[in-house]
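Good morning, everyone, and thank you for making room for this on the agenda. Please have the sequence and the structure open in front of you while I talk.

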Amino acid sequence: MNHQHIVSHLPYEKPFLFVDELTHVDTKGATGSFTFHREMYFYQGHFKDHPVTPGVLLTECCAQIGLVCLGIYLLQGEGVPMSNLQVGLSSSEMEFLLPVYPGEKVTVHSEKVYFRFNKLKCSVKMHNEEGQLVCKGILSGMFKNTADE
Amino acid sequence: MTETDRYAKLKEIIRIYLPEDVAVTEISASSHFINELNINSANLVDIVLDVEDAFDITLENEDMDQMQTVQDALDIIDGKLKE
């Protein structure tokens, strides 16, 4: 399964797709990038007259690239059909070290802690274009294929 | 390890994942993890992983599917320990 194929199976679309490119994925982790374009709607309100990317969206970006892309890859490896994939974030513990301003491109890298019984737990890190660590943390999600039911 | 010991050990694991609105005293052998103890499927996986470590056993997907109540978990643990 190629990288773009995995991105095409993500259960998100604009304005809530936070993956531009998946650059690497294997059984241990995933790497990908996203550019927070200046025109994105949330900058109008976060914050008033001082646009900064909300931490929840940095978390979401980490989850979509690091957790969901990796989960799709791992499930595909187990032969699970991807047509009716559902995913739920079950826990997140993030630390935010630097702000991400409109127009910045970020790179997310995840490392699998475990994938058992359809639960994927990973450590994630996000870096900006200067290679500085923006945020890091531990994310877990449950995967479900509704075609099973 | 006696059955009482195994039950006590399992209860110690379960209590970590109980939501705040469920008291430890509400755990009994017949308790259903999801319907009665309000443990979600993600935390049920954590319980299984902790059980694996605590009892030095490995559970399969079928075991996970069968593990509805505390007694189910005890039966699965017993079975694995006898293997």
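I will go through the confidence scores, then the sheet of chain A, then the helices of chain B, and finally the place where the two chains meet.

Before anything else, please keep in mind that this is a predicted model, and that the predictor gives the complex an ipTM of 0.87 together with a pTM of 0.91. For chain B the pLDDT averages 94, and 100% of the residues score at least 70. If we go through the elements of chain B, α2(B) has the highest mean pLDDT, at 96, whereas α3(B) has the lowest, at 92. As a general caution, where pLDDT is low, the predicted coordinates should not be read in detail.

Let us turn to the sheet in chain A. Six strands of chain A make up an open sheet, and if you follow them across in the order β1-β2-β4-β5-β6-β3, the pairing is antiparallel. At the edges you will find β1, residues 21–26, and β3, each of which pairs on one side only. Ignoring direction, neighbouring strands of this sheet are turned against each other by 20° on average.

Now for some of the individual pairings, which you may like to trace with a finger. Strand β2(A), residues 29–35, is joined to β4(A), residues 105–116, by seven bridges, and the two run antiparallel; within this pair, A:Phe34 has A:Val106 of β4(A) as its bridge partner.

What packs on this sheet from chain A? Helix α2 of chain A, residues 55–77, does so, touching β1, β2, β3, β4, β5 and β6 of chain A, and its direction makes about 45° with that of β6(A). From the other chain, α2(B) also packs on the sheet, where α2(B) touches β3, β4, β5 and β6 of chain A, with a direction about 95° from that of β6(A).

Staying with β6(A), residues 133–145, we can look at its two pairings. Eleven bridges join β6(A) to β3(A), residues 85–96, in an antiparallel arrangement, and A:Phe96 stands opposite A:Cys135 in β6(A). Strand β5(A), residues 119–127, pairs with β6(A) over nine bridges, again in the antiparallel sense, and here A:Lys119 stands opposite A:Met142. The hairpin of β5(A) and β6(A) has five residues between the strands, and in this hairpin A:Gly131 takes a positive phi near 85°.

Moving on to chain B, how do its helices cross? The axes of α1(B), residues 3–17, and α2(B) come within 10 Å and cross at roughly 145°, and the crossing is right-handed. Among the residues making this contact are B:Leu10 and B:Ile13 of α1(B), and B:Ile47 and B:Val51 of α2(B). Sorted by class, the contact has seven nonpolar, one polar and three charged residues.

The axes of α1(B) and α4(B), residues 70–82, come within 11 Å and cross at roughly 120°, and therefore α1(B) is oblique to α4(B). This crossing is right-handed as well, and its contact involves B:Arg6, B:Tyr7 and B:Leu10 of α1(B) with B:Val70, B:Ala73, B:Leu74 and B:Ile77 of α4(B).

Finally, how many residues does each chain bring to the contact between them? Chain A brings seven residues, and chain B brings seven. On the side of chain B, α2(B) and α3(B) each supply at least two residues, with the largest share, five residues, coming from α2(B). By class, that side of chain B has five nonpolar, two polar and no charged residues.

How values were computed. Residues are numbered from 1 along each chain as its sequence is written. Chains are lettered from A and ligands numbered from 1 in the order in which they are written. This is a predicted model: local features need pLDDT of at least 70, side-chain atom pairs count only at pLDDT 80 or more; totals for chains, interfaces and linings use all residues. Two residues are in contact if their C-beta atoms, placed from the backbone, lie within 7 Å. Helices (H or I, at least four residues) and strands (E, at least two) are DSSP runs, numbered from the N terminus. Ala, Val, Leu, Ile, Met, Phe, Trp, Tyr, Cys and Pro count as nonpolar, Asp, Glu, Lys and Arg as charged, and the others, Gly among them, as polar. pLDDT is the predictor's confidence in each residue, from 0 to 100. Two strands pair if DSSP finds at least two bridges between them. Axes are lines fitted to C-alpha atoms, for helices over the stretch in contact, and angles run from 0 to 180 degrees between N-to-C directions. A crossing is left-handed if the near helix is turned anticlockwise from the far one by less than a right angle, and right-handed if clockwise. Angles under 35 degrees count as roughly parallel, over 145 as roughly antiparallel, 65 to 115 as roughly perpendicular and the rest as oblique.
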